[in-house]
Amino acid sequence: MGLRQILTFPDERLKVECEPVEELTDEIQELIDDMAETMYAAPGIGLAAPQVGEQCRVIVFDVGSREEPRNPMALINPEIVECEGEIVSEEGCLSVLDYNSEVKRSSRVCVRGLDREGRSLEIEADDLLAIVLQHEIDHLDGILFIDRISKLKRSLYVKRMKKKEKGDT
Ligand code: ZN
């Protein structure tokens with residue numbers, strides 16, 4: 001298939017809690033390839049399946065610099081099994097257009113899941129990778145980063161998007 005369309009807020013499909021993957025079918029392999037391609041094309045450093053309209057627990061990410069060769073990682077049914085510390089950083093999202101905001105996250109996480117061959121994988125992450133993993137796993141639970149900012153900031157963004165929508169039509 002290749003590139004997939006990225007859903008954007010306020011699409012209801014971004015609010016769904018996704019189902020675990022039961023079997024690593026050809027469709028899942030294709031989804032992972034398509035998600036990686038879509039992420040690089042955007043460009044972004046992480047993407048979750050619900051962002052391309054697939055309600056299953058799959059994420060891809062690559063926090064390497066643009067100069068390095070691409071090394072997309074996929075995690076299936078990822079789970080945060082440990083977290084500690086606190087970090088505040090500016091986040092954006094391919095599904096939240098024209099907006100960035102500071103979000104508070106754990107500064108270190110341990111994430112467990114499966115790789116695309118079905119082997120169990122444990123990733124200890126800090127800094128940017130820890131933030132990306134928490135952000136993408138949130139997507140699998142129907143949570144966007146704007147759900148983690150103040151109500152006031154969020155409502156200002158929602159208002160702005162509504163205005164824009166009206167302007168467009
Ligand atoms: Zn996102």
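Is Glu117 buried or exposed in this predicted model? With a relative accessibility of 52%, Glu117 counts as exposed, because exposed means over 50%. The legends below take this and other sites in turn.

**View 1. Glu117 and Arg119 form a salt bridge.** The closest N and O atoms of the two residues are 3.0 Å apart. Arg119 has a relative accessibility of 52% and counts as exposed, as Glu117 does at 52%. Elsewhere, Glu82, Glu84, Arg108 and Glu124 are joined into one network by salt bridges that share partners. The structure holds 17 salt bridges.

**View 2. A zinc ion is held by Cys93, His135 and His139.** The coordinating atoms are SG of Cys93 and NE2 of both His135 and His139. Their distances to the zinc ion run from 2.1 to 2.2 Å. Along the sequence, the donor residues follow the spacing C-x41-H-x3-H. Cys93 belongs to strand S4 (residues 87–93) and His139 to helix H2 (residues 127–140). These two residues are 46 residues apart, and the pair links distant parts of the chain. Cys93 has a relative accessible area of 12% and is buried. His139 is also buried, at 1% relative accessibility. Both values fall under 20%, so both residues meet the cut-off for buried.

**View 3. Asp34 and Arg4 meet in a salt bridge.** Their closest N and O atoms are 2.8 Å apart. Asp34 lies in helix H1, while Arg4 lies in the segment before H1, so the salt bridge ties together parts that are 30 residues apart in sequence. Asp34 is buried, with 3% relative accessibility. Arg4 is buried as well, with 13%.

**View 4. Arg105 and Asp138 are joined by a salt bridge between their side chains.** The distance from N to O is 2.9 Å. Arg105 is part of strand S5 (residues 96–105) and Asp138 is part of helix H2, so this pair ties together parts that are 33 residues apart in sequence. Both partners count as buried: Arg105 has a relative accessibility of 6%, and Asp138 has 8%.

**View 5. Four glutamates gather in a patch of negative charge on the surface.** The residues are Glu17, Glu19, Glu22 and Glu23. One of them, Glu19, is found in the segment before helix H1 (26–41). Glu19 has a relative accessibility of 53%, and therefore counts as exposed.

**View 6. Leu7 is a buried residue in the segment before H1.** The relative accessible area of Leu7 is 7%. Since buried means under 20%, Leu7 falls in that class. The C-alpha atom of Leu7 is separated by 21 Å from that of Asn77. Along the chain, Leu7 and Asn77 are 70 residues apart.

**View 7. Ile45, Val63 and Leu128 form a nonpolar patch on the surface.** Together these residues have about 210 Å² of accessible area. Leu128 lies in helix H2, the helix that also holds His139 and Asp138. The relative accessible area of Leu128 is 43%. Leu128 is called partly exposed because this value lies between the limits of 20% and 50%.

Technical notes
Residues are numbered from 1 along each chain as its sequence is written. This is a predicted model: local features need pLDDT of at least 70, side-chain atom pairs count only at pLDDT 80 or more; totals for chains, interfaces and linings use all residues. Side-chain values use heavy atoms; hydrogens and water are left out. Donors are N, O and S atoms within 2.8 Å of the metal (3.2 Å for Na, K and Ca); water is not among the atoms, so sites may look incomplete. Helices (H or I, at least four residues) and strands (E, at least two) are DSSP runs, numbered from the N terminus. Buried means under 20% relative accessible area, exposed over 50%, partly exposed in between (1.4 Å probe, protein chains only). Patches are made of residues with over 30% relative accessible area and no salt bridge: like charges are joined within 9 Å, nonpolar side chains (Val, Leu, Ile, Met, Phe, Trp, Tyr) within 5 Å. Accessible areas come from the Shrake-Rupley method with a 1.4 Å probe; for residues, only the protein chains shown count as cover. Lys and Arg count as positive and Asp and Glu as negative; His and the chain ends are not counted. The place of a charge is taken as NZ of Lys, CZ of Arg, CG of Asp or CD of Glu.
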